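Here is my note on this structure, set out as numbered points. I hope it helps as you look through the chain.

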Amino acid sequence: MTDVTECSSENNKVRTRLSKIKFPDRCPVCMDPAEDLVFITIIEKYGPDSYDSSSWTKSDDKTAVALQASQSATTFSVPTCMAHGSKSVRTIRTRLVSVVGFFVLFYPIIFYLLQINLGIIYSRPLVEPIIGALFFVALLVLTILYSLVPRALERALKFENTSRTKDSVEVVILNREYRQLFCEMNGVFTEVVSDEQ
Ligand SMILES: [Zn+2]
C-alpha cells in the first residue's frame, strides 16, 4: 500500500500497473479541468540498453491510434485542457517537418553560400546572397525548433521502463498536484520510484 503523501515529495517518478493506469480529469500541465483527450502510444524496446519510444497522437486521428494499438504497442488516453491538448502535441508528422524542411531548405542555402563565395572571388555585391542565406538558415532553424522542441505536455508527462510482461510503467510527473491526484487514482498499484534505484 502506497502512502499517498509520498507522491508529494520531490520524487517525481511513480511506478504503476500498465493495465490499470488511470489519469486524473485535469490537465497535467496547468491543472485546468480536462476538455481534450490526447493519445499516447508507447512502444516497448527489448534488449539491454532499451529505451521506450513514445509518440503522441491527436484524438481525431482514429486510424493511427488503431494501427498503433495493433502493433503490440500500448496506447492510453490522457485528458488535457484545450491549450495543452491535441493541438499542441508533436505527432510523427510534426517530427517529419524537420526532415522535409531540411531537404527543401538545404539547396537554397547551398545556392546562396556559393553566391557569397563567387561574390568574394569576383568582388560582386554580397548583400543579396547574404540576406538570402540568412533567410533560409533562419527558416531551417525555425523548422527544427518547431519539430524538435518538446511541448509543455511532453515535458509534464514522461513514460519510462514500460513492460507489458511485468505490467508496469514508470511515469515522470512534473506537476506535484497532478502527481498526487495520479497517486490517489491509481492507489494500491502505485509506488514512488526513487532515483537511487
Ligand atoms: Zn493545460
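1. A word on terms before we start: the strands below are DSSP runs of E covering at least two residues, and the helices are runs of H or I covering at least four, both numbered from the N terminus. The place of Asn161, for instance, is in strand β5. Please keep in mind throughout that this is a predicted model.

2. Let's begin with confidence. The mean pLDDT of the chain is 83, with 80% of the residues reaching 70 or more. One stretch calls for care: over residues 47-51 pLDDT stays under 50, and there the model has 2 contacts beyond four places in sequence. Where pLDDT is low, the predicted coordinates should not be read in detail.

3. Now the overall layout. The chain has 5 helices and 7 strands, and along the sequence they follow the pattern β-β-β-α-β-α-α-α-β-β-α-β. Of the 197 residues, 23% count as buried. Taking contacts between residues at least 6 apart in sequence, 74% join residues at least 24 apart.

4. Which strands make up the open sheet, and in what order? There are 4 of them, ordered β5-β6-β1-β7, and the pairing is antiparallel. The edges are held by β5 (157-163) and β7 (191-192); each has a single partner strand, so one side of each is left without a neighbour in the sheet. Helix α5 packs on this sheet, where it touches β1 (13-17) and β6, and its direction makes about 25° with that of β1.

5. The pairings around β6 are worth a closer look. β5 and β6 pair in the antiparallel sense over 5 bridges, and β1 and β6 also pair in the antiparallel sense, over 5 bridges. On the β5 side, Phe159 stands opposite Val171, and Ser163 stands opposite Ser168. β5 and β6 form a hairpin with 4 residues between them, and Asp167 in the turn has a positive phi of about 50°.

6. Do the side chains of β6 with me, one face at a time. Val169, Val171 and Ile173 point to one face and are buried. Ser168, Glu170 and Val172 point to the other face and are not buried.

7. Glu170 is a good residue to follow through the sheet. It lies in strand β6, with Glu160 as a bridge partner and Arg15 standing opposite it as well. Leaving aside neighbours within four places in sequence, Glu170 is in contact with Lys13, Arg15, Glu160, Asn161 and Val193. Its C-alpha atom is 5.7 Å from that of Phe159, a residue 11 places away in sequence. Is Glu170 buried or partly exposed? It has 17 other C-beta atoms within 10 Å, and because burial takes 20 or more, Glu170 counts as partly exposed.

8. On to the core. The largest nonpolar core has 24 residues, and Val14, Val38, Leu153, Leu157, Ile173 and Phe182 touch the most other members. Two or more residues each come from β2 (36-43), α4 (152-156), β6 (168-173) and α5 (176-186). Setting aside its neighbours within four places in sequence, Leu157 is in contact with Pro28, Val78, Val171 and Ile173.

9. Thr41 gives a polar counterpoint in β2. Why does Thr41 count as buried? Thr41 has 21 other C-beta atoms within 10 Å, and the cut-off for burial is 20 or more. The C-alpha atom of Thr41 is separated by 5.5 Å from that of Thr74, although the two are 33 residues apart along the chain.

10. Finally, two backbone angles to check. Most residues other than glycine have a negative phi. Ser123, however, has a positive phi near 45°; it lies in the loop between α2 (92-121) and α3 (127-148) and is exposed, with 7 other C-beta atoms within 10 Å. Asn161 also has a positive phi, of about 45°, although it is not a glycine. Asn161 sits in strand β5 and is partly exposed, with 16 other C-beta atoms within 10 Å.

How values were computed. Residues numbered from 1 in each chain as written. Core = buried A, V, L, I, M, F, W, Y, C linked by C-beta atoms within 7 Å. Buried ≥ 20, exposed ≤ 12 C-beta atoms within 10 Å, placed from the backbone. Contact = placed C-beta atoms within 7 Å. Pairing = 2+ DSSP bridges. Axes fitted to C-alpha atoms, helices over the stretch in contact; angles between N-to-C directions. pLDDT = per-residue confidence, 0-100.
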